[in-house]
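Work through the exercises below with the model open. Try each task before reading its solution.

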Amino acid sequence: MAEMTREETEALIQEVLEVYPEKAKKDRSKHLAANDSSLEKSNKCITSNKKSLPGVMTIRGCAYAGSKGVVWGPIKDMIHISHGPVGCGQYSRAGRRNYYVGTTGVNTFGTMNFTSDFQEKDIVFGGDKKLDKLLDEIETLFPLNKGISVQSECPIGLIGDDIEAVSKKKAKAIEKPVVPVRCEGFRGVSQSLGHHIANDAIRDWTLGARDGDDSFATTPYDVAIIGDYNIGGDAWASRTLLEEMGLRVVAQWSGDGTISEMELTPKVKLNLLHCYRSMNYISRHMEEKYGIPWVEYNFFGPSKIAESLRKIASFFDDKIKEGAEKVIARYQPLMDNVIAKYRPRLEGKRVMLYVGGLRPRHTIGAYEDLGMEVVGAGYEFAHNDDYDRTIKEMGDATLLYDDVTGYEFEEFVKAVKPDLIGSGIKEKYIFQKMGIPFRQMHSWDYSGPYHGYDGFAIFARDMDMTLNNPCWGKLKAPWKASDESELQLGAQA
Amino acid sequence: MPSVMLRRNEDGQISFYVAKKDLEETISTIEFEADDKWGGEIELADGSKYYLEPLDEAPKLPTTLRVKRL
Ligand code: SF4
């Protein structure tokens, strides 16, 4: 299908909204828009970070997911207790593929699930005693842990347990940080508030641990990677580039990160912020309290990487600036090869994205490097500032959808007919059954890394592998495929 | 009286950030911007107005201050 005009996009939105009752229609219409890249501020065209409507299929997560799953979970040498019933932690265990090095169960604990496994009696009589006991047990069984965080699930807030008191008491007893996090799932409208709460907990309970302690030898080139969760090794692929240009990476937040790295972050010269949505809070705090500037960067696709490396280098002296140029020059031939190989196979293909955090806007550059075009983008839990940054990246009159519902997403896809969809696991099989190539873009569909130059080579291969897979032409049983043209999209009719 | 964090953004404008509401806007005008008197009525790019009790000196940014919504 050719480009959609603004009128067509708006008509499509109206048509999709038609099935809703009056009130729901009014509410949802604010979250859907045709992009107008001339706007400075997104709030003129799209509303975000609002409560989902009851009755629609939202794709969002909860505050606990934002704190335990995203921000705290990857800190590998701490034990994160999913405090409450067993399910929240168990069903999300190890799902995000935050890679790390270490011996799981001995000095690192990333893929394990720790829970206080609440039963009826804990709800009735309170769970503080259980938490107290649990912390002792952890200390006995896993003595090499460097700290413990208590990630509250819904019931904790409902029954009014005092996890702060228990944490303080136990932190003294075991002489390690014990961090209570009030990230009960019901707080906020999505996982986004969970990120914020987790950032605040880091600020209040760990960040200041080494204030006034100057024993850590610093260099003028110290930086921290903030908001990279090392999915499929992303942070490693980013870190090598930064080190190659002459910087010293003191901390990784929080993929493959440790608590000691976090405590050392206030000593760095510059914070490099990849996922703005989940960690801008702590970056703002460090800027105010420690005077550390922060800069957003984007390590998807060679064009954006080069731009970002130069932007980062501009904070440092000529040595680093030259270093950045050297890195760019070294990888350019490699990237040219990747593009020469895959671009002809992907040129002109159209992509629709619906993910979280930073990806709907950050990956646009990588797709463009491959000659592809993003024709629709939306976030699960973005705020206005995310859309401000997105409208400039997207083409005019392309579709924007905030907190899209299952129904809307399907209808949009049927009308726009993209060549590829990037979204989550819950959407994957619906669209694959509709015969549309799909990549799971939360954890890179069991692949990765996608960050950095090395990541781009993998990204390009994966997109080609998915899009040009011969299976898409064989979705209809041969005895039913009488008409050739029905082959491709017949399944959805 | 929300507390807001003021910081200079990449374009040199002052951004106005209300942590409680996750609201970020750039400031379009500040009533007093002298070194010995800073604050007063603040207008944001989206048109909303706030009042900051004038300070005796220009603050070092970033900083967190309490303002009143007008
Ligand atoms: S909403 Fe509550 S019960 Fe559900 S996963 Fe989140 S913390 Fe657990």
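**Exercise 1. A charged pair between two helices**

Is A:Asp132 buried or exposed? Find its salt-bridge partner and place both residues.

Solution. Start with the ground rules. This is a predicted model in which local features need pLDDT of at least 70 and side-chain atom pairs count only at pLDDT 80 or more, while totals for chains, interfaces and linings use all residues. Residues are numbered from 1 along each chain as its sequence is written, chains are lettered from A and ligands numbered from 1 in the order in which they are written, and side-chain values use heavy atoms, with hydrogens and water left out.

Step 1. Apply the accessibility classes: buried is under 20% relative accessible area, exposed is over 50%, and partly exposed is in between (1.4 Å probe, protein chains only). A:Asp132 has 17% relative accessibility, so it counts as buried.

Step 2. Search for salt bridges (a side-chain nitrogen of Lys or Arg within 4 Å of a carboxyl oxygen of Asp or Glu). A:Asp132 pairs with A:Lys170, with 3.2 Å between the closest N and O atoms.

Step 3. Place the two residues, taking helices (H or I, at least four residues) and strands (E, at least two) as DSSP runs numbered from the N terminus. A:Asp132 sits in helix H6 (residues 128-141) of chain A and A:Lys170 in helix H8 (residues 163-174) of chain A, 38 residues apart.

Step 4. Check the partner. A:Lys170 is at 6% relative accessibility and therefore counts as buried.

**Exercise 2. A second bridge to H6**

Which residue forms a salt bridge with A:Glu139? Locate both ends, then extend to a network.

Solution. Step 1. The partner is A:Lys176, at 3.1 Å, N to O.

Step 2. A:Glu139 is in helix H6 of chain A, and A:Lys176 is in the loop between H8 and strand E5 (178-181) of chain A, so the bridge ties together parts 37 residues apart in sequence. Both A:Lys176 and A:Glu139 are buried.

Step 3. Follow shared partners. Salt bridges join A:Asp132, A:Asp136, A:Lys169 and A:Lys170 into one network.

**Exercise 3. A bridge between two loops**

How many residues apart in sequence are the parts that A:Arg60 and A:Asp403 tie together?

Solution. Step 1. Confirm the salt bridge: the closest N and O atoms of A:Arg60 and A:Asp403 are 3.5 Å apart.

Step 2. A:Arg60 lies in the loop between strand E1 (32-34) and helix H3 (63-72) of chain A; A:Asp403 lies in the loop between strand E12 (399-401) and helix H18 (406-416) of chain A, so the tied parts are 343 residues apart.

Step 3. Check burial. A:Arg60 is buried, at 12% relative accessible area. A:Asp403 is buried too, at 3%.

**Exercise 4. The setting of A:Asp228**

What does the side chain of A:Asp228 reach at 3.0 Å?

Solution. Step 1. Locate A:Asp228 in strand E6 (residues 222-228) of chain A. Its relative accessible area is 1%, so the residue is buried.

Step 2. List contacts (heavy atoms within 4.5 Å). Beyond its neighbours within four places in sequence, A:Asp228 touches residues including A:Asp234, A:Ser238, A:Trp253, A:Tyr297 and A:His451.

Step 3. The side chain reaches the backbone nitrogen of A:Asn230.

Step 4. A:Gly255 is 27 residues away in sequence, with a C-alpha to C-alpha distance of 6.0 Å.

**Exercise 5. Checking helix H20**

What span should helix H20 of chain A have?

Solution. Step 1. Use the rule for expected span: 1.5 Å times one less than the number of residues. The 16 residues of H20 (residues 452-467) should therefore span 22 Å.

Step 2. Compare. The end C-alpha atoms are 22 Å apart, which agrees.

Step 3. Look at burial. Among the buried residues of H20(A) are A:Tyr453, A:Phe456, A:Phe459 and A:Met463. Their cover includes helix H14 (318-346) and strand E13 (420-423) of chain A.

**Exercise 6. The interface**

How many residues does each chain give to the contact?

Solution. Step 1. Chain B gives 11 residues and chain A gives 15.

Step 2. Take the buried area (accessible area, 1.4 Å probe, lost when two parts are put together, summed over both). Chain B and chain A bury about 1200 Å², with 40% of it on carbon and sulfur atoms. In chain B, B:Arg7, B:Asp22 and B:Glu24 lose the most area to chain A, together 41% of what that side buries.

Step 3. Count the bridges. The rule finds four salt bridges across the interface. A:Lys41 and B:Glu25 meet in a salt bridge at 3.7 Å, N to O.

Step 4. Note the predictor's scores for the complex: ipTM 0.85 and pTM 0.92.

Methods:
A polar contact is a pair of N or O atoms within 3.5 Å; within protein, one must be able to donate a hydrogen and the other to accept it, and residues adjacent in sequence count only if both atoms are side-chain atoms.
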